[in-house]
Amino acid sequence: MIYSLLIITFLTALGFSIYFYERVQTINQEMDGVYSPEAILPKYHFVLIVEEIEHEYWQLIGEGAKHAGQKYGVYVEYIGPERSNTEEQLKLFDKAIKSKVDGIIVQGLNENFTDMINQAERQGIPVVTIDTDSPESMRHAYIGSDNYMAGQLAGKALVEDTNGVATVGIITGSLDNPHHLERLKGFKDVVEQVEDIEIVAVEESKITRVDVEEKAYNILTEHENITAFFGTSSYNGIGIVSAANSLQKENDMYVITFDTIDENMELLKNGDIEAIVEQHPFEMGYLSVVRMVDIMNGKQIKEITHTNSSIIRKTSLDIEETMVVPNDKN
Ligand code: BGC
């Protein structure tokens, strides 16, 4: 009897020990990476200052940057104004320099950005420009589209799709920012070679939806013979289509714009937008962090990395995944 009781007690104790041992193993596995010292204490703190914090394009850049941040043990702080506002961006830039972060990823939108980039670099904080370069500044590297080439692509698409006959209105995000100017120049350099294509108006939207619609509306009323529009930034196509719709002109209008954001893709599917210049924001964000980590590690880096741009039409809607993690060696 006593032996049986001892055996039962022994087996029960053994059973509990095995059970708890396995539980601890499982919990350890679940916690692996979450509470590891590297995960608690990232090696670096980078700040990514974007043009519009809630804009789909910038959010994809943020996701790409954070993805690389997780991989390389970097805390990526994603900040920026609610609506495009260079003054606010510069204030955030100044604050990041003063808080002595390890690296800053930002656009090079104008001379004030160039000065701020140089200030950061002089204080030993490396800067990687993203989306818009500032080649004359002291920045370490640029990651983003070749904006001149992207503008040329838009021009070629328009020539092809209109059989070289069009009266064109252009809405550009800004007449001051280098990337919009490069896109505009690339576009003009192509279409101006074609005899029956004429550009009759160029207006700027200042990256707001309201301004695009108003500007497109004005262009359409002043130039009734317009048959095509080119928009150099994400929201331009949407505003152009609204203005054309309100004047019942959309059916005959050819529209080409930038960026495969959801609203543009919807308009492409229903035929209101004919073509889109696709950029790769996730990849830009990802590679900007990879580049900055290389700078931290004193590696030799590639100064300029152009992410791909291409033309998407309704006929090519089997669009590739935009969140593909790029090869870190890019
Ligand atoms: C540009 C960005 C801009 C965004 C929103 C993109 O095409 O590359 O610089 O912030 O459009 O307008």
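Which handedness does the β-α-β unit made by β9, α10 and β10 have? In this predicted model, β9, α10 and β10 make a β-α-β unit that is right-handed, and the close-up views below set that unit among its surroundings.

**Figure 1. The open sheet of six strands and its edges.**
Six strands form an open sheet with mixed pairing, and their order across the sheet is β7-β6-β8-β9-β10-β12. The edges are formed by β7 (197–204) and β12 (310–313), each of which pairs on one side only. From one strand to the next, the twist averages 20°. At the β7 edge, strand β6 (residues 166–172) pairs with β7 in the parallel sense over seven bridges, and within this pairing I171 has E203 of β7 as its bridge partner.

**Figure 2. Two helices that pack on the sheet.**
Helix α7, which spans residues 178–191, packs on the sheet and touches β6, β7, β8 (228–231) and β9 (254–258), while its direction makes about 170° with that of β7. Helix α10, made of residues 262–269, also packs on the sheet, where it touches β9, β10 (275–278) and β12, and its direction makes about 145° with that of β10. Strand β9 is thus named among the contacts of α7 and also among those of α10.

**Figure 3. Strand β9 and its two neighbours in the sheet.**
Strand β9 is mostly covered, with five of its five residues buried. In a regular strand the side chains alternate between the two faces of the sheet. In β9, Y254, I256 and F258 point one way and V255 and T257 the other way, and all are buried. On one side, β8 and β9 pair in the parallel sense over three bridges, and the bridge partner of F230 in β9 is I256. The chain crosses from β8 to β9 through helix α9 (residues 236–246), and this β-α-β crossover is right-handed. The pairing of β9 with β10 is likewise in the parallel sense and runs over three bridges, with A275 of β10 as the bridge partner of I256.

**Figure 4. A228 in strand β8.**
The residue A228 lies in strand β8, and because its relative accessibility is 0%, A228 counts as buried. Although A228 and Y254 are 26 residues apart in sequence, their C-alpha atoms are 4.4 Å apart in space. When neighbours within four places in sequence are left aside, the residues in contact with A228 are L158, A166, T167, V168, G169, M253 and Y254.

**Figure 5. Helix α9 and what its buried residues pack against.**
Helix α9 is mostly covered, since eight of its 11 residues are buried; these are N236, G237, I238, G239, I240, V241, A243 and A244. The buried residues of α9 pack against three strands and two helices, namely β6, β8 and β9 together with α8 (209–222) and α10. After α9 comes Q248, whose phi is positive and near 50°.

**Figure 6. Two buried aspartates with positive phi.**
Most residues other than glycine have a negative phi, and most peptide bonds are trans. D131, although not a glycine, has a positive phi of about 70°, and this residue is found in the loop between β4 (127–130) and β5 (141–145). D131 has a relative accessible area of 2%, so this residue is buried, the cut-off being under 20%. D259 is not a glycine either, and its phi is positive at about 80°; D259 is found in the loop between β9 and α10. At 4% relative accessibility, D259 therefore also counts as buried.

**Figure 7. The largest nonpolar core.**
In soluble globular proteins, nonpolar side chains tend to be buried together. Here the largest nonpolar core has 49 residues, and those with the most contacts inside this core are L48, F229 and V289. Helix α11, covering residues 281–296, gives the most to the core, with eight residues. At least three residues of this core come from each of domain 1 (40–144 + 281–307) and domain 2 (147–258). V289, one of the residues with the most contacts inside the core, touches F46, A65, A68, G69, V76 and I105 when residues up to four places away in sequence are not counted.

Key: Residues are numbered from 1 along each chain as its sequence is written. Side-chain values use heavy atoms; hydrogens and water are left out. A nonpolar core is a set of buried Ala, Val, Leu, Ile, Met, Phe, Trp, Tyr and Cys residues joined through side-chain atoms within 4.5 Å. Buried means under 20% relative accessible area, exposed over 50%, partly exposed in between (1.4 Å probe, protein chains only). Helices (H or I, at least four residues) and strands (E, at least two) are DSSP runs, numbered from the N terminus. Domain bounds come from an automatic or database domain assignment. Contact means heavy atoms within 4.5 Å. Two strands pair if DSSP finds at least two bridges between them. Axes are lines fitted to C-alpha atoms, for helices over the stretch in contact, and angles run from 0 to 180 degrees between N-to-C directions. A crossover is right-handed if, with the strands pointing away from the viewer, the path from the first strand over the helix to the second runs clockwise.
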